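Reader: I would like to go through this model and ask what stands behind each label. Please set the values against the cut-offs as we go.

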Amino acid sequence: MSSLPHDAAPDFDQPIAVLKHCHGRIRKQLATLEKLLEHLPRHGADEQARQAAGAVLRYFDHAAHLHHDDEEQDLIPMLRATAQGEDAAILQALAPTILQDHQDMDALWQDLHEQLTAVADGTGAALSESLARRFVASYTSHMEREESTMAPMALRLFSPEQMARLGQAMRLRRGIAVDAPASAPPAPAVGQAVADLRKDYGQASLDEADVQDDPIAQFTAWFEQALTAEVKEPNAMSLSTVAASGRPSSRIVLVKQFDARGFSWYTNYDSKKGADLRDNSYAALLFFWSELERQVRIEGRVERTAPDESDRYFRSRPLKSRLSAIASRQSAPIASRAQLEQNYDVVAQGAGEDPARPDNWGGYRLIPDRIEFWQGRRSRFHDRIVYERQEDGSWTRQRLQP
């Protein structure tokens, strides 16, 4: 398990070669992880094991996520903007799998991280073989998928200018050759009246001729632009429900999937929002991407996702998140934080490494019948275009006054 010599990466004017180089380094760390599985039962957390665990931790904590960001924020959006015909169809089928791979691998890594940290510190010598093997298998199949499809497609379709743009984005992400930021504007005066706080929008416009016929396709385009712009938590959305009494309630949740069927999130069915949705199945979602001066308002009927969908997502979450979902009676009162943590400890002691999804936890999907796209404009003369679903399933769209 001795550390391997550093191999020089290709220059970023060959961004696809850099991505493949990243895969090579990932494979070396995966090999170290597999050797560690064999080493620990025989020798425990000796110096060699601690160094190996530290090397794997450093790479996957500080470098691997950059590779994911390269794909999510640059490579996939650029391919989607360029691919046509059969290439576009292949990409449409492949891209959601790639993105789901990232979520699954991140969840596995969070569980593996705690065990590797203990080995690296010399405070533990246990490494779950099933967890480590799943992590290695997931990464290996993921890289093979990319190398057989996405990398060759990019090499075939991208112009030199696109390659340069991709390489520059990768440089910036790694802090290489980044221009010095402009000096920040002075902070507003302390005590400025709330009524005087305002920002004049002017980044972009939204025209009927530029939007797509299908609102889900239009949302997908805007969501990808939010990813590229590195909007903070672009998947965060406000969910508004209404109780049987007519009293509305809002909270922030994270969208976990969106497609032609609707917008999905996961939660406790016995929570306040779950109770509201049992009484009134209609709800509203709101995405606000301040960096792009955009918001999307979505209204429709909510249904539960299929149990197998909820099972798959539950298993993709980090182990501690699954245990928290089991231990918490969401929205119910509790005496103290100590009691909450005691409930968690009881669940953790008996749940094992792969706890089953509880029946009162799962997904909801909002099936939209109205989607409005809002683009901020100067002097509060904003652009608003709304889509409304018709009885035959088709969509109409029109401009609304600001």
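Reader: How many salt bridges does the structure hold?

Author: The structure, which is a predicted model, holds 30 salt bridges.

Reader: What makes E147 and R27 a salt bridge?

Author: The closest N and O atoms of E147 and R27 are 2.9 Å apart. The cut-off is 4 Å between a side-chain nitrogen of Lys or Arg and a carboxyl oxygen of Asp or Glu, so the pair qualifies.

Reader: Why is this pair said to tie parts of the chain together?

Author: E147 belongs to helix α5 and R27 to helix α1, so the pair ties together parts that are 120 residues apart in sequence.

Reader: Why are E147 and R27 called partly exposed?

Author: The relative accessible area is 26% for E147 and 33% for R27. Partly exposed is the class between under 20% and over 50%, so the label follows for E147 and for R27.

Reader: How do you know that E114 and K320 form a salt bridge?

Author: Their closest N and O atoms are 3.0 Å apart, and the limit is 4 Å, so E114 and K320 count as a salt bridge. The pair links distant parts of the chain, with E114 in helix α4 and K320 in helix α10 (residues 319-327), 206 residues apart.

Reader: Which exposure class do E114 and K320 fall into?

Author: E114 has 47% relative accessibility and counts as partly exposed. K320, with a relative accessible area of 46%, is partly exposed. Exposed requires over 50%, so that label is not given to E114 or to K320.

Reader: What makes E372 and R384 a salt bridge?

Author: The closest N and O atoms of E372 and R384 are 2.7 Å apart. That distance is within 4 Å, so the definition is met. E372 sits in strand β7 (residues 361-375) and R384 in strand β8 (residues 383-389), 12 residues apart.

Reader: Are E372 and R384 buried or exposed?

Author: E372 is buried, at 1% relative accessibility. R384 is buried as well, with a relative accessible area of 17%. The threshold is under 20%, so the label holds for E372 and for R384.

Reader: Which residues are joined with them into one network?

Author: Salt bridges that share partners join E372 and R384 with R297, R370 and E388.

Reader: What is known about the largest nonpolar core?

Author: It has 50 residues, of which F60, L75, L112, L116 and F135 touch the most other members. Elements that give two or more residues to this core include α1 (15-43), α2 (47-62) and α5 (129-157). A second, separate core has 31 residues, among them V255, F263, I298 and I385.

Reader: Which residues is F60 in contact with, beyond its neighbours within four places in sequence?

Author: F60 is in contact with I26, Q29, L30, W109, F135 and Y139.

Reader: What part of the protein chain counts as buried, and which elements does the chain contain?

Author: Of the 402 residues, 41% count as buried. The chain has 11 helices and 9 strands.

Reader: What do the contacts with a separation of 6 or more consist of?

Author: Residues 24 or more positions apart account for 70% of those contacts in the protein chain.

Conventions: Residues numbered from 1 in each chain as written. Predicted model: local features only at pLDDT ≥ 70, side-chain atom pairs only at ≥ 80, totals over all residues. Heavy atoms only, no water. Helix = DSSP H or I, 4+ residues; strand = E, 2+ residues; numbered from the N terminus. Buried < 20%, exposed > 50% of the residue type's maximum accessible area, 1.4 Å probe, protein only. Contact = heavy atoms within 4.5 Å. Core = buried A, V, L, I, M, F, W, Y, C linked by side-chain atoms within 4.5 Å.
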